[in-house]
Amino acid sequence: MISLEKYNILREIGKGGMGLVYLAIDLKLDRTVAIKELIIGSTVSGKDREDIISRFKREAQTAAKLSHPNIITIYDVGEEQQKHYIAMEYLPGKTLKDYFDEKFEFSLEEAIDILLQIASGLDHAHSKSIIHRDIKPENIKVLDNNVIKLMDFGIASIENKTSGLTQDGTLLGTIAYISPEQLYNSKNVDTRADIFSFGSLIYEMFTGRLPFDADTIGATIVKIMSENPKPPKQINPNIKSELEDIILRCLEKDPDKRYQKAKDV
């Protein structure tokens, strides 16, 4: 377990592609925080390792510039005893994925409220030219007061490089929401890539299924790149036509045909 001078580490509370997350107390300000420790695979060394650390710091500093009620707050980024970490707002509650896994059914009003909050957070980040690149239910926290928080802003782009995700289930979970242009060239994307991922999330919320669902990573990629999703009303006849239109426009293969801004959604 990581040991830091400024923080009292209480316990491990999660794992992610980047490493481990701990519950901690900020000793100076006497507040509860979450500490994310960067874990770099033993096979990564030299310039690759330095690049990951440099990007980790840069992305955390970028995310710290975001100030919005629907985006997690970054407090600090640092290094101690060659351990690199980010201190951030501690968010109790479940992720949207937890609710999806439990087959929880939100009312229409609850679902729309959640989606409006996500869109608001995305729009703020995009206005600062920050792309999330990994919008998915795991990165959406639902607090007890029904406030939505988007997590891992500006950090998602380095996750795969740090851990070398090899577990099909983990990688498939990310691939299922990714935009076609990210699959073509992950460096050549703009904020509209997040709109596509947001569309996948909305589709799943109202149908209980992913728009591009397959058993393998390869088959999922083929569907994202070349197939249109089944119209949501064919799965859930109760979906309003206006909502179906919104979902399908978000999921257009061509970014120019999608909503151009999250606030438009």
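Student: Let's start with S129: is S129 buried or exposed?
Tutor: This is a predicted model, by the way. S129 comes out with a relative accessible area of 64%. The cut-off for the top class is over 50%, so S129 counts as exposed.

Student: Where does S129 sit, and what is its phi?
Tutor: You'll find S129 in the loop between α3 and β7. Most residues other than glycine have a negative phi. S129 is not a glycine, yet its phi is positive, at about 65°.

Student: Which loop holds R133, and what is the phi of R133?
Tutor: R133 belongs to the loop between α3 and β7. R133 is partly exposed, because its relative accessible area is 29%. R133 isn't a glycine either, and its phi is positive, at about 75°.

Student: What about I135, buried or exposed?
Tutor: I135 lies in the loop between α3 and β7. Its relative accessible area is 1%. Anything under 20% makes the cut, so I135 is buried.

Student: Which residue of α7 does I135 touch that is itself buried at 2%?
Tutor: Skipping residues up to four places away in sequence, I135 touches L122, L150, Y177, D194, S197, F198 and L201. From that list, S197 lies in helix α7. With a relative accessible area of 2%, S197 is buried. The residue you want is S197.

Student: What does S197 touch, leaving out residues up to four places away in sequence?
Tutor: I135 is on the list, together with Y177. The rest of the set is I178, S179 and Q182.

Student: How far apart are the C-alpha atoms of I135 and I195?
Tutor: Along the chain, I135 and I195 are 60 residues apart. In space, their C-alpha atoms are separated by 8.8 Å.

Student: How do α3 and α7 run relative to each other?
Tutor: Their axes come within 12 Å and cross at roughly 170°. The cut-off that matters here is over 145 degrees, so the pair is roughly antiparallel.

Student: How many nonpolar residues are in the contact of α3 with α7?
Tutor: On the α3 side are L108, A111, I112, I114, L115, I118, A119, L122 and H126. α7 brings D194, F198, L201, I202, M205 and F206. By class, 1 is polar, 1 is charged, and the nonpolar count is 13.

Student: And α7 with α10: what is that packing called?
Tutor: The axes of α7 and α10 are 7 Å apart, at an angle of about 140°. Roughly antiparallel would take over 145 degrees, so α7 is instead oblique to α10.

Student: Which residues of α10 take part, and how many charged residues does the contact have?
Tutor: From α7 come I195, F196, G199, I202, Y203 and F206. They meet L243, I247 and C250 in α10. The contact has 8 nonpolar residues and 1 polar, while the charged count is none.

Student: Which element gives the most residues to the largest nonpolar core?
Tutor: That core has 40 residues, and L96, I118 and M205 have the most contacts inside it. Elements supplying at least two residues each include α2, α3, α7 and α10. With 8 residues, the top contributor is α7.

Student: What does L96 contact, beyond its neighbours within four places in sequence?
Tutor: L96 is in contact with F106, I114, I118, P137 and I140. The list carries on with V142, L201 and M205.

Student: How many residues does the other core have?
Tutor: It lies apart from the one with L96. Among its members are L38, I74, I86 and L91, and the size is 17 residues.

Student: Is A176 buried or exposed?
Tutor: A176 is in the loop between α5 and α6. A176 touches S200, L210, T220 and I224, not counting residues up to four places away in sequence. Because its relative accessible area is 3%, A176 is buried.

Student: Last one: what is the relative accessibility of N238, and is N238 buried or exposed?
Tutor: N238 sits in the loop between α9 and α10. The C-alpha atoms of N238 and T207 are separated by 9.8 Å, although the two residues are 31 apart along the chain. Since N238 has 70% relative accessibility, it counts as exposed.

Definitions and conventions: Residues numbered from 1 in each chain as written. Predicted model: local features only at pLDDT ≥ 70, side-chain atom pairs only at ≥ 80, totals over all residues. Heavy atoms only, no water. Core = buried A, V, L, I, M, F, W, Y, C linked by side-chain atoms within 4.5 Å. Buried < 20%, exposed > 50% of the residue type's maximum accessible area, 1.4 Å probe, protein only. Helix = DSSP H or I, 4+ residues; strand = E, 2+ residues; numbered from the N terminus. Contact = heavy atoms within 4.5 Å. Axes fitted to C-alpha atoms, helices over the stretch in contact; angles between N-to-C directions. Parallel < 35°, antiparallel > 145°, perpendicular 65-115°, else oblique. Nonpolar A, V, L, I, M, F, W, Y, C, P; charged D, E, K, R; others polar.
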